[in-house]
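I sat down with this one to see how the pieces pack together. These are my notes, in the order I looked things up.

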Amino acid sequence: METNSNPIDCSIVASVYNEEAGIQLFYNALSEAMQSLKISYEIIFVNDGSRDNSLQFLQQFARTDKAMRVIDFSRNFGHEAAMLAGVDHAKGNAIICMDSDLQHPPALIAEMLQKHAEGFDVVNMVRTDRKDSSMLHKMRSKLFYKFMNGISSVKLAENASDFFLISRKVSSILRSDFRERTRFLRGIIQLVGFNKTTIAYVAPPRIAGESHYSFMKLLKLSFTAVSSFSNVPLRLGIFVGLLFIGVSVALIVYSIVMWLLGETIPGYTTLITFMSAFAGIQLFITGLIGQYMSYIFDEIKGRPIYIVNEIIE
């Protein structure tokens with residue numbers, strides 16, 4: 001999708017899913033930050049199938065704010081799809097994606113735009129701390145990035161978030177390419193290359209409500225990221241297979257030696273343990289292959305990444 005030939009300075013893309021409790025505070029803070037910059041801008045809210053009154057709030061904002069547009073999805077398509085929809089419809093020379101819970105502070109937009117003015121096409125916002133995050137969550141996040149950078153040729157900025165700036169050059173590439181149904185957008189913007197930089201920030205607590213990412217959703221996002229940037233899990237079967245071949249050869253040699261010596265070969269427990277472990281690993285690897293195949297199936301079907309119900313201006 002191509003955008004208007006007369007771009008503005010900056011587009012803000014904010015995804016919204018059941019944020020009625022805090023959306024007014026976020027809109028006020030964002031509007032104040034943008035008005036202080038004295039540039040041309042637009043604010044694009046993407047309503048990702050909210051089931052509360054978030055859309056009513058957004059409609060009210062759009063009626064009084066000429067710089068604002070609302071993209072209303074026909075149903076919930078997920079945070080990644082919402083960000084991509086905002087990028088698709090944005091007209092700005094710089095596009096900033098952020099969440100609408102004020103954990104991505106609007107006050108940092110000026111610094112991001114300064115980096116863009118210095119010639120950077122991608123500005124990654126990297127969390128140094130998160131005020132409402134537990135030690136366990138921080139540890140999981142750190143291990144995830146360590147693991148990703150260990151198995152992928154694309155090195156991700158550790159603790160990078162969905163708070164980032166991309167230039168018009170990068171956004172044009174996202175509109176024409178990288179249209180896979182299973183995507184990890186914060187990784188893709190680092191994959192495309194160009195001049196990149198990072199800005200460190202501390203994420204404040206959510207202004208209201210709770211995080212929409214349950215443990216299972218985070219686990220799914222993690223596997224999406226891994227499968228999007230690495231095929232190492234598919235090679236796991238080869239490595240495990242070679243390991244078990246080595247163990248099996250050792251057991252065969254041991255059994256023959258014991259038989260030649262006329263010794264009884266105890267090992268029922270060892271055999272059962274070995275077979276159970278082997279069966280479990282087989283099922284695990286089969287599941288990995290099945291997950292990759294499901295992603296291939298989604299791509300072959302070619303269904304839309306998102307469906308827009310209406311655009312409110």
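My entries below go through strands, a helix, one aromatic residue, cysteines and salt bridges.

**Before starting.** I reminded myself that this is a predicted model. Every value here is computed from that model.

**Entry 1: strand 1.** I began with strand 1, residues 8–16. I found 8 of its 9 residues buried, so I noted strand 1 as mostly covered. Next I looked up its partners. Strand 1 pairs with strand 4 (residues 92–99) in the parallel sense, over 7 bridges. On that side I found A14 standing opposite M98 of strand 4. Strand 1 also pairs with strand 2, again parallel and over 7 bridges. Here I picked out V13 opposite I44, and S15 opposite V46. I then followed the chain from strand 1 through helix 1 into strand 2, and this β-α-β crossover is right-handed.

**Entry 2: strand 2.** How many residues of strand 2 are buried? I got 7 of the 7, so strand 2 is largely enclosed by the rest of the structure. I sorted its side chains by direction: Y41, I43, F45 and N47 point one way, while E42, I44 and V46 point the other way. Both sets are buried. Besides strand 1, I found strand 2 paired with strand 3, parallel, over 5 bridges. In that pairing F45 sits opposite V70 of strand 3. I checked the link too: strand 2, helix 2 and strand 3 form a β-α-β unit, and it is right-handed.

**Entry 3: helix 2.** Since helix 2 had come up in that unit, I went there next. It covers residues 54–64, and I listed S54, L55, L58, F61 and A62 as buried. Looking down the axis, I saw these buried residues fall within an arc of 120°, so they line one face of the helix. On the face turned away from the buried side I found the exposed residues R63 and T64. What covers the buried residues? I wrote down strand 1, helix 1 (23–35), strand 2 (41–47), strand 3 (68–73) and strand 8 (308–312) as being among the elements that do.

**Entry 4: F61.** I picked one residue from helix 2 for a closer look. F61 comes out at 3% relative accessibility, so I count it as buried. Leaving out residues up to four places away in sequence, I found that F61 touches I23, Q24, Y27 and M68. I also took a backbone distance: the C-alpha atoms of F61 and N28 are 10.0 Å apart, with their positions 33 residues apart along the chain.

**Entry 5: cysteines.** How many disulfides does the whole structure hold? My search returned 0. I looked at two cysteines anyway. C10 has a relative accessible area of 0%, so I put it down as buried. C97 is buried as well, with a relative accessible area of 0%.

**Entry 6: salt bridges.** I counted 3 salt bridges in the structure.

- I started with E42 and R69, whose side chains meet at 2.6 Å, N to O. E42 belongs to strand 2 and R69 to strand 3, so this pair ties together parts 27 residues apart in sequence. I checked accessibility, and both E42 and R69 are buried.
- Then I looked at K169 with D121, where the closest N and O atoms are 4.0 Å apart. K169 lies in helix 6 (residues 168–176) and D121 in the loop between helix 4 (109–117) and strand 5 (122–130), so the pair ties together parts 48 residues apart in sequence. Buried or exposed? I got a mixed answer: K169 is partly exposed at 45%, whereas D121 is buried at 10%.
- My last pair was E118 with K115, and its closest N and O atoms are 4.0 Å apart. At 46% relative accessibility, E118 counts as partly exposed. K115 is also in the partly exposed class, at 23%; the cut-off for buried is under 20%.

**Looking back.** I keep returning to strand 2 in these notes. It pairs with strand 1 and with strand 3, it helps cover the buried residues of helix 2, and it carries E42 of the salt bridge to R69.

Technical notes:
Residues numbered from 1 in each chain as written. Predicted model: local features only at pLDDT ≥ 70, side-chain atom pairs only at ≥ 80, totals over all residues. Heavy atoms only, no water. Buried < 20%, exposed > 50% of the residue type's maximum accessible area, 1.4 Å probe, protein only. Helix = DSSP H or I, 4+ residues; strand = E, 2+ residues; numbered from the N terminus. Arc of directions from axis to C-beta. Contact = heavy atoms within 4.5 Å. Pairing = 2+ DSSP bridges. Right-handed = clockwise from strand over helix to strand, strands pointing away. Disulfide = S-S within 2.5 Å.
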